[in-house]
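The exercises below are meant to be worked through with the coordinates open. Try each task before reading its solution.

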2 protein chains.
Amino acid sequence: MNKLAVIALGGNALQRDNQRGTIEEQEKNTFRTLENLVFLLKDGYDLVITHGNGPQVGDLLQRNDAGEQVYGIPQMPLDICVAGTQGEIGYMIERILRNALTKHGINKNVVSLISQVVVDRKGKSFRELVKRVGRTYSEDVARKLEKEKKWVFKEEIKSGGGFRRVVPSPQPIDILNSRIIKDLVSAGNIVLAAGGGGIPVYIDAKGNYRPVEAVIDKDMASALLAVTIQADEFYILTDVPYVYLNYKKPDQQIAEFISRDEALRYLKMGMFSEGSMAPKMKAAIYFVEHGGSSSVITEATKLENKKYGSRITMDKKR
Amino acid sequence: MNKLAVIALGGNALQRDNQRGTIEEQEKNTFRTLENLVFLLKDGYDLVITHGNGPQVGDLLQRNDAGEQVYGIPQMPLDICVAGTQGEIGYMIERILRNALTKHGINKNVVSLISQVVVDRKGKSFRELVKRVGRTYSEDVARKLEKEKKWVFKEEIKSGGGFRRVVPSPQPIDILNSRIIKDLVSAGNIVLAAGGGGIPVYIDAKGNYRPVEAVIDKDMASALLAVTIQADEFYILTDVPYVYLNYKKPDQQIAEFISRDEALRYLKMGMFSEGSMAPKMKAAIYFVEHGGSSSVITEATKLENKKYGSRITMDKKR
């Protein structure tokens, strides 16, 4: 039987921060990233792919803002915007992955789901407004939007000032249609799901699914999906080949094999930056703590040579 | 064994032309429309749902235009915009349908696919620029955009003047993942697919899937899907309870039962308006000509009482 891997693609594996984000750039980046998955497929892995949406949902929120300014078109809430990016990005990945498979002579079908993810509305994570979304506003405009749209703003201290909208990044607790994802991948399809961390919803007292204005961490949603469908391995593909200790300091060091206990200790020491490696490491730990055999953090381009990448396991393995 | 029906929801079953298109309005419209599907479910039908995206993709194109004007964010091509509306609308339908099922005590799962549809790039339909998309521009701006973006414009003769972009509405020839759609609905799920007529792609000489700047007629894509998955019945839900002969004329008449030959004759006579009932009738005919037992054109609210609606069959049946 094939091994099952969940692959979480970073939003910037598709749209780079130093590019304008034209469709030509995005398609080229996507093809280059996806071609590397061929190495896993040739090794006999079944794949479920998730993806981030940071740059894309940022653009969409700005388009919503501009559409209201220029044409008076009502802005859509955040859940609808995340859903929109699932459509855009899921389609682009599915189409381009089909072409990458054709190029490499691999006969696999690809299918993409629109994915809702249930979040814990009662937990602490729901009350913490940790995620900045959309553009930066002046204080005057931010105060006006607070009243009009009930958005909450925080001042940007570090990056040039101004005010940005903040929303929670609640804990994901259930991936809708995970049974179908498992069945589709077991039947030989490559499945795309939980894009952008999934569209956040909660279940109210009457059992109804309600929308939430929040952003789910895509690595944590991907880890939950990997656990739920009992994946063997969990890959977080980002823009560095390894996890580093003392990153960008004189004593920077590659961490190639990391046990769960070491990872927890490093996290506690503040070894990993909060907006970047820390959530990836937490997701990697979550997976191995819930039955997964190993989590890998690396660059897509390093999948060819399996000695690359940092591997997190319960007990350190070489 | 359950009967299988494909239900094509009009884009304005969700977002009405006489409303601003706020999310509250869209959610209310969607719930009201979807509640009517309960009657079919209680009659033992398995359902595949498709939807239009006219008002939503119109808004998205304007947001793209405004985002470029105000923030310099590159506009996305039409295939990406259609994909975005599949995400937005598919999510909204799936979430609200789950709630409508809960309200009516129906235990069915719902799953939504991001759907590409292969179009005939060599056919006549690909060269005819029949579909107006996006906002109306002045002649100066239209000429500038023609150069910058290689868009083609036509002057609006009837509706107040100005220039609008025109794209083809090519014939759909293959619904990607139709086998999976069939399997999922056979397993008891309600499946959403081919939203907005599907994301238009073609297959090039090397076997690669390439994007197309076009809009596929959602009723024709739905009819093709219904034929491909061997549905028994095909419902086109719109804003009139019946097909009318001599619509809005003194001798207007309900056409309750229509044979394929009668339908073809009416079409030839120009009985149905090109932007509205004519494409629905063509899709209805396509379905019964390719093995479907009957096509129904009606309002969602008329599903409760099965005597409502116009029924198109190969041989007229009462």
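## Exercise 1: Two residues with positive phi

A:K248 is exposed, with a relative accessible area of 69%; exposed here means over 50% relative accessible area, buried under 20%, and partly exposed in between, with a 1.4 Å probe and protein chains only. The model is a predicted one, in which local features need pLDDT of at least 70 and side-chain atom pairs count only at pLDDT 80 or more, whereas totals for chains, interfaces and linings use all residues. Residues are numbered from 1 along each chain as its sequence is written, chains are lettered from A and ligands numbered from 1 in the order in which they are written, and side-chain values use heavy atoms, with hydrogens and water left out.

Task: Locate A:K248 and A:A194 in their loops, and state for A:A194 whether it is buried or exposed.

Solution.
1. Begin with the backbone angle: phi of A:K248 is near 65°, a positive value in a residue other than glycine, and A:A194 likewise has a positive phi, of about 55°, although it is not a glycine.
2. As background, most residues other than glycine have a negative phi.
3. Next, place the two residues: A:K248 is found between β13 (243-245) and β14 (253-255) of chain A, while A:A194 lies in the loop that joins β9 (190-192) to β10 (199-203) of chain A. Helices (H or I, at least four residues) and strands (E, at least two) are DSSP runs, numbered from the N terminus.
4. Finally, compare the surroundings: A:A194 has a relative accessible area of 0% and is therefore buried, whereas A:K248, at 69%, is exposed.

## Exercise 2: The overall form of chain A

Task: Decide what the radius of gyration of chain A says when it is set against the value for a compact globule, and describe how the chain is divided into domains.

Solution.
1. For 318 residues a compact globule would have a radius of gyration near 20 Å, and chain A, with 20 Å, agrees; the radius is taken over C-alpha atoms, and the globule rule is 2.2 Å times the number of residues to the power 0.38.
2. The C-alpha trace spans about 55 × 45 × 45 Å along its principal axes, and the secondary structure of chain A comes to nine helices and 17 strands.
3. Of the 318 residues, 60% count as buried. Contact means heavy atoms within 4.5 Å, and among contacts in chain A between residues at least 6 apart in sequence, 73% join residues at least 24 apart.
4. The domain assignment, which is automatic or taken from a database, gives domain 1 (3-125 + 171-313) and domain 2 (129-168). Their contact takes eleven residues from domain 1 of chain A and ten residues from domain 2 of chain A, and the C-alpha centres of these two domains lie 26 Å apart.

## Exercise 3: Helix α7 of chain B and its surroundings

Task: Explain why helix α7 (residues 218-228) of chain B is described as largely enclosed, and find which residues B:K280 touches.

Solution.
1. Ten of the eleven residues of the helix are buried, so α7 of chain B is largely enclosed by the rest of the structure.
2. Among the buried residues of α7(B) are B:K218, B:D219 and B:M220, and the elements against which the buried residues pack include β1 (3-9), β12 (233-238) and α9 of chain B.
3. B:K280 is placed in helix α9 (residues 277-289) of chain B, and, with a relative accessible area of 12%, B:K280 is buried.
4. Not counting residues up to four places away in sequence, B:K280 touches B:K218, B:D219, B:I236, B:T238 and B:I297.

## Exercise 4: Contacts that cross between chains

Task: Find which residues A:S112 and B:N177 touch, not counting residues up to four places away in sequence.

Solution.
1. A:S112 lies in strand β3 (residues 110-112) of chain A and is buried, with a relative accessible area of 1%.
2. A:S112 touches A:G90, A:E94, A:L192, B:S112, B:L113 and B:I114 under that exclusion.
3. B:N177 is found in the loop between β8 and α6 of chain B, and its relative accessible area of 10% makes B:N177 buried.
4. With the exclusion again applied, B:N177 touches A:E94, A:R98, A:N109, A:V110, A:V111 and B:L113.
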